[in-house]
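Me: Please show the protein under discussion, after which I shall put questions on how its parts are arranged.

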Amino acid sequence: MAHLSSDWFYGDIGPQAADKIVYKNRHLGDGAFLVRESLTHPGDYTLVYLFAGRVHRTLIKTERHYGVNVFYMSRAQLFNSLSEIIQHYRMTPMKTPHFEVLLTRPCPPVDDDASSDFPSE
């Protein structure tokens with residue numbers, strides 16, 4: 001559970017708060033990211049990251065595989081920990097149907113008072 005002390009792990013913050021943090025850190029550029037616990041898929045995680053000035057989300061699934069927990073975005077590639085999957089995508093670009101992005105910098109917390117320009121959907 002090394003991820004609990006990682007600067008990119010935000011625990012159980014909600015989706016809108018996570019999106020706001022990433023958006024407010026858009027000056028960090030493509031690949032700025034954080035990870036939060038998934039609220040809609042308990043036990044899983046959500047990777048929230050910036051690409052082309054927009055906030056994107058990807059589900060990181062967890063499941064038991066031969067008696068141990070594994071983490072993945074695609075079952076084709078399994079990881080032993082949440083930290084391992086994040087480290088992998090900091091060195092190897094994530095590929096989506098529309099773009100590729102390398103995770104670059106964890107997003108630091110933002111001041112709530114400074115979030116007034118966050119676009120609501």
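Me: How many helices and strands does the secondary structure of the protein come to?
Reply: This is a predicted model, in which local features need pLDDT of at least 70, side-chain atom pairs count only at pLDDT 80 or more, and totals for chains, interfaces and linings use all residues. Residues are numbered from 1 along each chain as its sequence is written, and side-chain values use heavy atoms, with hydrogens and water left out. Helices (H or I, at least four residues) and strands (E, at least two) are DSSP runs, numbered from the N terminus. Along the sequence the pattern is α-β-β-β-β-α-β-β, and the secondary structure comes to two helices and six strands.

Me: In what order do the strands of the open sheet of four strands lie?
Reply: Two strands pair if DSSP finds at least two bridges between them. E1 and E2 are joined by five bridges, E2 and E3 by seven, and E3 (residues 54–65) and E4 by five. The edge strands, each pairing on one side only, are E1 and E4 (68–72). With antiparallel pairing, the order is E1-E2-E3-E4.

Me: Which residue in the turn of the hairpin formed by E2 and E3 has a positive phi?
Reply: Strands of a sheet pair through backbone hydrogen bonds, either parallel or antiparallel. E2 and E3 run antiparallel, and Leu50 stands opposite Val55 in E3. Two residues lie between these strands in the hairpin, and the one with a positive phi, of about 55°, is Ala52.

Me: Why is E2 largely enclosed by the rest of the structure?
Reply: A residue is buried under 20% relative accessible area, exposed over 50% and partly exposed in between, with a 1.4 Å probe and protein chains only. In a regular strand the side chains alternate between the two faces of the sheet. Tyr45, Leu47, Tyr49 and Phe51 point one way from E2, Thr46, Val48 and Leu50 point the other way, and all are buried. E2 is largely enclosed because the number of its residues that are buried is seven of the seven.

Me: Is Thr46 of E2 buried or exposed?
Reply: Thr46 has its place in strand E2 (residues 45–51). Its contacts (heavy atoms within 4.5 Å), leaving aside neighbours within four places in sequence, are with Leu34, Val35, Arg36, Ser38, Arg57, Thr58 and Leu59. With a relative accessible area of 6%, Thr46 is buried.

Me: From which residue does the backbone nitrogen lie 3.0 Å from a polar atom of the side chain of Ser38?
Reply: Ser38 is found in the loop between E1 and E2, and at 7% relative accessibility it counts as buried. Leaving aside neighbours within four places in sequence, Ser38 is in contact with Asp44, Tyr45, Thr46 and Leu59. The backbone nitrogen that lies 3.0 Å from a polar atom of the Ser38 side chain is that of His41.

Me: Which helix and strands each supply at least two residues of the largest nonpolar core?
Reply: A nonpolar core is a set of buried Ala, Val, Leu, Ile, Met, Phe, Trp, Tyr and Cys residues joined through side-chain atoms within 4.5 Å. Of the 19 residues in the largest one, Val35, Leu47, Tyr49, Ile60, Leu82, Ile86 and Leu103 touch the most other members. The elements that each supply at least two residues of this core are E1 (33–37), E2 and H2 (82–91).

Me: What angle does the direction of H2 make with that of E1?
Reply: Ile86 touches Trp8, Phe33, Val35, Leu47, Ile60 and Leu103, not counting residues up to four places away in sequence. Axes are lines fitted to C-alpha atoms, for helices over the stretch in contact, and angles run from 0 to 180 degrees between N-to-C directions. H2 packs on the sheet, touching E1, E2, E3 and E4, and its direction makes with that of E1 an angle of about 155°.

Me: Against which strands do the buried residues of H1 pack?
Reply: In H1 (residues 15–24), the buried residues are Ala18, Asp19, Ile21, Val22, Tyr23 and Lys24. These buried residues pack against E1, E2 and E3.

Methods: Polar contact = N/O pair within 3.5 Å; in protein donor to acceptor, adjacent residues only side chain to side chain.
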